[in-house]
Amino acid sequence: VAKGDTDKALSRVKNYLKYVVGEFKYSTAAASASEVNGFMERKFPGIMVLLPDHDSHPHLSCNVKAYNPSSLQGEEFDMLFHEFLLIMEALTADLDDVRAGCIMSASCKGLKWSHINMEVEKRMAVLYQDCFPIKFFSWP
């Protein structure tokens, strides 16, 4: 989904391979996915809710206050990234989802600097900016 721009599409595929497969060692293998599925909810209860589609747009809602990156240790970073990748895959499941765009909503009540880890944010940003053909339909 590069709107006919072959160079843009090829760049996105290369970035996907470089970051998603290479750096993050991402695999959609069932065993791998089942290990991390629900990690964020177990680690940060109440952080995320996948809501029913709204007018054909996948909808993801987050409670940012529940997220505490300073509590992550060792392998937990990999599990966080892996589950984030599973969510990105779900939000871009087919061309209809990609073309429609997704809706993200977040409760930021009580948000503090302790809820932000710039290293994690930098590593994740490349995923939704350069690897997945995701677009946001709405940020209510």
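These legends describe an overview and several close-up views of a predicted model of one protein chain.

**Notes for all views.** In this predicted model, local features need pLDDT of at least 70 and side-chain atom pairs count only at pLDDT 80 or more, while totals for chains, interfaces and linings use all residues. Residues are numbered from 1 along each chain as its sequence is written, and side-chain values use heavy atoms, with hydrogens and water left out.

**Overview. The protein chain has six helices and four strands.** Helices (H or I, at least four residues) and strands (E, at least two) are DSSP runs, numbered from the N terminus. From start to end of the sequence, the pattern is α-α-α-β-β-α-α-β-α-β. Of the 140 residues in the protein chain, 36% are buried; buried means under 20% relative accessible area, exposed over 50%, and partly exposed in between (1.4 Å probe, protein chains only). The protein chain exposes about 8,500 Å², and carbon and sulfur atoms supply 56% of that area. Accessible areas come from the Shrake-Rupley method with a 1.4 Å probe, and for residues only the protein chains shown count as cover. Contact means heavy atoms within 4.5 Å. Taking contacts between residues at least 6 apart in sequence, 77% join residues at least 24 apart.

**View 1. Helix α1 (residues 6–23) packs against helix α6 (residues 118–131), with axes that come within 9 Å.** Two packed helices are described by the angle between their axes and the distance between the axes. Axes are lines fitted to C-alpha atoms, for helices over the stretch in contact, and angles run from 0 to 180 degrees between N-to-C directions. The axes of α1 and α6 cross at roughly 150°, so the two helices are roughly antiparallel to each other. Angles under 35 degrees count as roughly parallel, over 145 as roughly antiparallel, 65 to 115 as roughly perpendicular and the rest as oblique. The crossing of α1 and α6 is left-handed; this term applies if the near helix is turned anticlockwise from the far one by less than a right angle, and right-handed applies if clockwise. On the α1 side, the contact is made by Arg-12, Asn-15, Tyr-16, Tyr-19, Val-20 and Glu-23. On the α6 side, Arg-123, Val-126, Leu-127, Asp-130 and Cys-131 take part. By class, the contact has six nonpolar, one polar and four charged residues. Ala, Val, Leu, Ile, Met, Phe, Trp, Tyr, Cys and Pro count as nonpolar, Asp, Glu, Lys and Arg as charged, and the others, Gly among them, as polar.

**View 2. Helix α4 (residues 75–91) also meets α6, with axes that come within 11 Å.** The axes of α4 and α6 cross at roughly 25°, which makes α4 roughly parallel to α6. This crossing is right-handed. From α4, the contact includes Phe-77, Leu-80, Phe-81, Phe-84, Leu-85 and Met-88; from α6, Val-120, Arg-123, Met-124, Leu-127 and Tyr-128. These residues divide into ten nonpolar, no polar and one charged.

**View 3. Leu-127 lies in helix α6.** Leu-127 is buried, with a relative accessible area of 0%. Its C-alpha atom is 7.5 Å from that of Tyr-19, although the two residues are 108 apart in sequence. Apart from neighbours within four places in sequence, Leu-127 is in contact with Tyr-19, Val-20, Phe-24, Phe-84, Leu-85, Met-88 and Phe-132.

**View 4. Val-36 belongs to helix α2 (residues 30–36).** Val-36 is buried, with a relative accessible area of 4%. Setting aside neighbours within four places in sequence, its contacts are Arg-42, Met-79, His-82, Glu-83 and Leu-86. The C-alpha atoms of Val-36 and Phe-84 are 9.6 Å apart, and the residues are separated by 48 along the chain.

**View 5. Leu-72 sits in the loop between strand β2 (57–63) and α4.** The relative accessible area of Leu-72 is 6%, and the residue is buried. Not counting residues up to four places away in sequence, Leu-72 touches Phe-39, Lys-43, Phe-44, Phe-77 and Leu-80. From Leu-72 to Lys-43, 29 residues apart along the chain, the C-alpha separation is 8.6 Å.

**View 6. Asn-63 lies in strand β2.** Asn-63 is partly exposed, with a relative accessible area of 27%. Beyond residues up to four places away in sequence, Asn-63 touches Gly-46, Ile-47 and Ser-107. Asn-63 and Phe-44, 19 residues apart in sequence, are 9.5 Å apart from C-alpha to C-alpha.
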